[in-house]
Number of protein chains: 2
Amino acid sequence: MNEIKIFSPATVANVSCGFDVLGFCLDSVGDDMVIRKTEKKGIHITKIEGFDLPYEADLNVAGVSALAMYEAIDVDFGFEIEIYKNIKPGSGIGSSAASAVGSVFGMNELLGRPFNKTQLTGFAIKGEALASKCEHADNLAPALFGGFTLVKSISPLQILEIPSPDDLYATIIHPQIEIKTSESRAILPKKIALSDAITQWANFGSLIHALHTSDYDLIKESLHDVVVEPHRSKLIPHFNAVKKAAITAGALGCGISGSGPSIFTLSNSLETSNNVKDAIKNVYSKTGIAFEIHVSKINTEGVKIIS
Amino acid sequence: MNEIKIFSPATVANVSCGFDVLGFCLDSVGDDMVIRKTEKKGIHITKIEGFDLPYEADLNVAGVSALAMYEAIDVDFGFEIEIYKNIKPGSGIGSSAASAVGSVFGMNELLGRPFNKTQLTGFAIKGEALASKCEHADNLAPALFGGFTLVKSISPLQILEIPSPDDLYATIIHPQIEIKTSESRAILPKKIALSDAITQWANFGSLIHALHTSDYDLIKESLHDVVVEPHRSKLIPHFNAVKKAAITAGALGCGISGSGPSIFTLSNSLETSNNVKDAIKNVYSKTGIAFEIHVSKINTEGVKIIS
């Protein structure tokens, strides 16, 4: 096998009470990529469609993660990468993670899978760092492993796969506005009340238990973020109205995807997830802000081979 | 059935990263109590052995929880309570919770179980409040449900039963010193660093996952408390030496039981738990402070009928 086409999915990080550690993987949104073995050594990006991104491997997220893996292997050939980008950079649903994951996943397949998924995360994190200026695996882990992932630690990398109930669906709205990473970081408090922290870990522990037991009621009761959302939601126009409409329409919960501007909701059926889509659409249509909406089953497979 | 003898177990609350929400139940330490239906109406404490506690029902933890239940039922008889107290008050392993739980559990059995365990917790919490000046269920929940419990919320009461791996054992040392509740509360910071809070909920989520998957390695990697232990451990003489000895002897983790002075450790076998006991004993024997040590399997049953 000398060439592989893969689908690298969008992902949601900072899942409410699981801020900075819990993420999940989407099914219906993602990038396509082609990875090809070449006689020419090194990593070469030969095609980019969808968005205007650099072709220089060391300036491109997919290229940097590919280079990190390439340095760890000893081969007398190289790789070409084609990127068909569907996830808009800066959307808050893991655009850079999809790129970073796609190249190393594809290369690993062509090499006969010498690396496990945690090791692939380790390479991909170098690409992610190019985009987000820090090493984090919140989006990489769900993109690679699928389902829900808990990044227990970054150094050493420790990723836990949390089970996902069968009928869990996400509705995601992406308002077409830009939130600067620096701004979304600066708005976070350095210190928080101990009582809020306790509420947060009670909810987070409950959410992990609820995912293990497929307890949708408990998922709903646990999907609260009393620490970060009260601050960051101010950066997303009409966040509260969207949340209210989503919950009224039957969503289990609603929160900021990554550091925004996308907003995610979770529902216990496709039907509800579509109702939530309509309800959110109704709110945002009146704002004058352009937006995209996606409905997706939780993708338990993660990045995958198309052909 | 007019009389019942029950065993009401000691418990560990504030389990490391699960501060204020996670507790577990012990097997080898606990109080015995006799509950008896009487023609005379009301709640009457007729015998107390072990420690000097008030006989007036409204001044006694077991009495107050019994009165709370008694007010919720409409019967033309009363109850007598005998308390054979083995758990020293103020030890940090749920002495008041055992009393509060025992009376309502026994009465409920004699009444034909009109109440579920969450409702029993609601009555017992009134007794617990007498002892600890605030309503909390951290010890009540594991005493009633057994195993590991997560108190998701107090109002409304929501208690989750977390699975417990088969070979989990606890070693508990109780240094015979007094820590004032006011002091152990005052030493807690009102605010904590967001980064510490994130570490805590990453660990707590991981611990819940580890208990679900019987992953002893992950239990070990998750049993850390970066928020409360650094402060409260100062109130417990030789805490760090005990912890070091326990971990060296093979314990999965070590922390403060409740608000101390007891220290708990968890191990993945009876043999290791006994080794940990020897190691801790060796540390404390040199200090001149009197102590008791218990080794106990995790009690998955909770409070139970003896006869």
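**Two chains, one axis: notes for the group**

I will start with a single residue: B:Arg113 counts as exposed, because only 11 C-beta neighbours fall inside 10 Å and the cut-off for exposed is 12 or fewer. B:Arg113 sits in the loop between α2 (95-110) and α3 (117-132) of chain B. Its phi is positive, about 55 degrees, although B:Arg113 is not a glycine. Please keep in mind that this is a predicted model.

A second residue makes a useful contrast. A:Asp20 is also not a glycine and has a positive phi, near 75 degrees. Its place is the loop between β1 and β2 of chain A. Is A:Asp20 buried or exposed? A:Asp20 has 20 other C-beta atoms within 10 Å, and 20 is where buried begins, so A:Asp20 is buried.

Now the two chains together. A turn of 180 degrees with a shift of 0.0 Å along the axis lays chain A on chain B, and the RMSD is 0.0 Å. This is the relation of a two-fold axis. Both copies use the same surface, since 100% of the contact residues of chain A recur in chain B.

How many residues does each chain give to the contact? Chain A gives 27 residues and chain B gives 27 residues. On the side of chain A that touches chain B, the elements giving two or more residues are β5 (148-153), β6 (158-162), β8 (191-193) and α6 (194-213) of chain A. Which of them gives the most? That is α6(A), with 12 residues. By class, this side of chain A holds 17 nonpolar residues, six polar ones and four charged ones.

The strands of the two chains also pair. β8(A) and β8 of chain B, residues 191-193, run antiparallel and are joined by three bridges. In that pairing A:Ile192 stands opposite B:Ile192.

On the chain B side, look at helix α6, residues 194-213. α6(B) has 20 residues, and from first C-alpha to last it reaches 28 Å, close to the 28 Å expected at 1.5 Å a residue. Of those 20 residues, 15 are buried, so α6(B) is largely enclosed by the rest of the structure. Just after the helix, B:Ser214 takes a positive phi of about 50 degrees.

While we are on chain B, there are two cis peptide bonds to look at. One runs from B:Ser155 to B:Pro156, with omega near 0 degrees. B:Pro156 is in the loop between β5 (148-153) and β6 (158-162) of chain B. Another joins B:Gly260 and B:Pro261, with omega about 0 degrees. B:Pro261 belongs to the loop between β9 (253-256) and β10 (263-267) of chain B.

Next, the inside of chain A. The domain assignment gives domain 1 as 3-162 and domain 2 as 169-297. Their C-alpha centres lie 24 Å apart. Domain 1 of chain A puts 21 residues into the contact between them, and domain 2 puts in 31 residues. On the domain 1 side, β1 (3-13) and β2 (22-38) are the elements giving two or more residues, and β2(A) gives the most, with four residues. The residues on that side divide into 10 nonpolar, 10 polar and one charged.

β1(A) deserves a closer look. Eight of its 11 residues are buried, so this strand is largely enclosed by the rest of the structure. β1(A) pairs with β2(A) in the antiparallel sense over 10 bridges, and there A:Pro9 stands opposite A:Gly30. β1(A) is also joined by two bridges to β12 of chain A, residues 304-305, and those two strands run antiparallel. In this case A:Phe7 is opposite A:Lys304.

Last, helix α1 of chain A, residues 61-72. Its 12 residues should span 16 Å at 1.5 Å a residue, and the end C-alpha atoms are 17 Å apart, which agrees. The helix is mostly covered, with 10 of its 12 residues buried. Among the buried ones are A:Val64, A:Leu67 and A:Tyr70. Where do the buried residues of α1(A) pack? They pack against β3 (42-49), β4 (78-84), α2 (95-110) and α3 (117-132) of chain A.

The loop between β3 and α1 of chain A holds A:Glu56. A:Glu56 counts as exposed, because 10 C-beta neighbours lie inside 10 Å. From A:Glu56 to A:Leu22 is 34 residues in sequence and 32 Å in space, C-alpha to C-alpha.

Conventions:
Residues numbered from 1 in each chain as written. Chains lettered and ligands numbered in written order. Predicted model: local features only at pLDDT ≥ 70, side-chain atom pairs only at ≥ 80, totals over all residues. Contact = placed C-beta atoms within 7 Å. Nonpolar A, V, L, I, M, F, W, Y, C, P; charged D, E, K, R; others polar. Pairing = 2+ DSSP bridges. Expected span 1.5 Å × (residues − 1). Least-squares fit on C-alpha atoms with pLDDT ≥ 70 in both. Domains from an automatic or database assignment.
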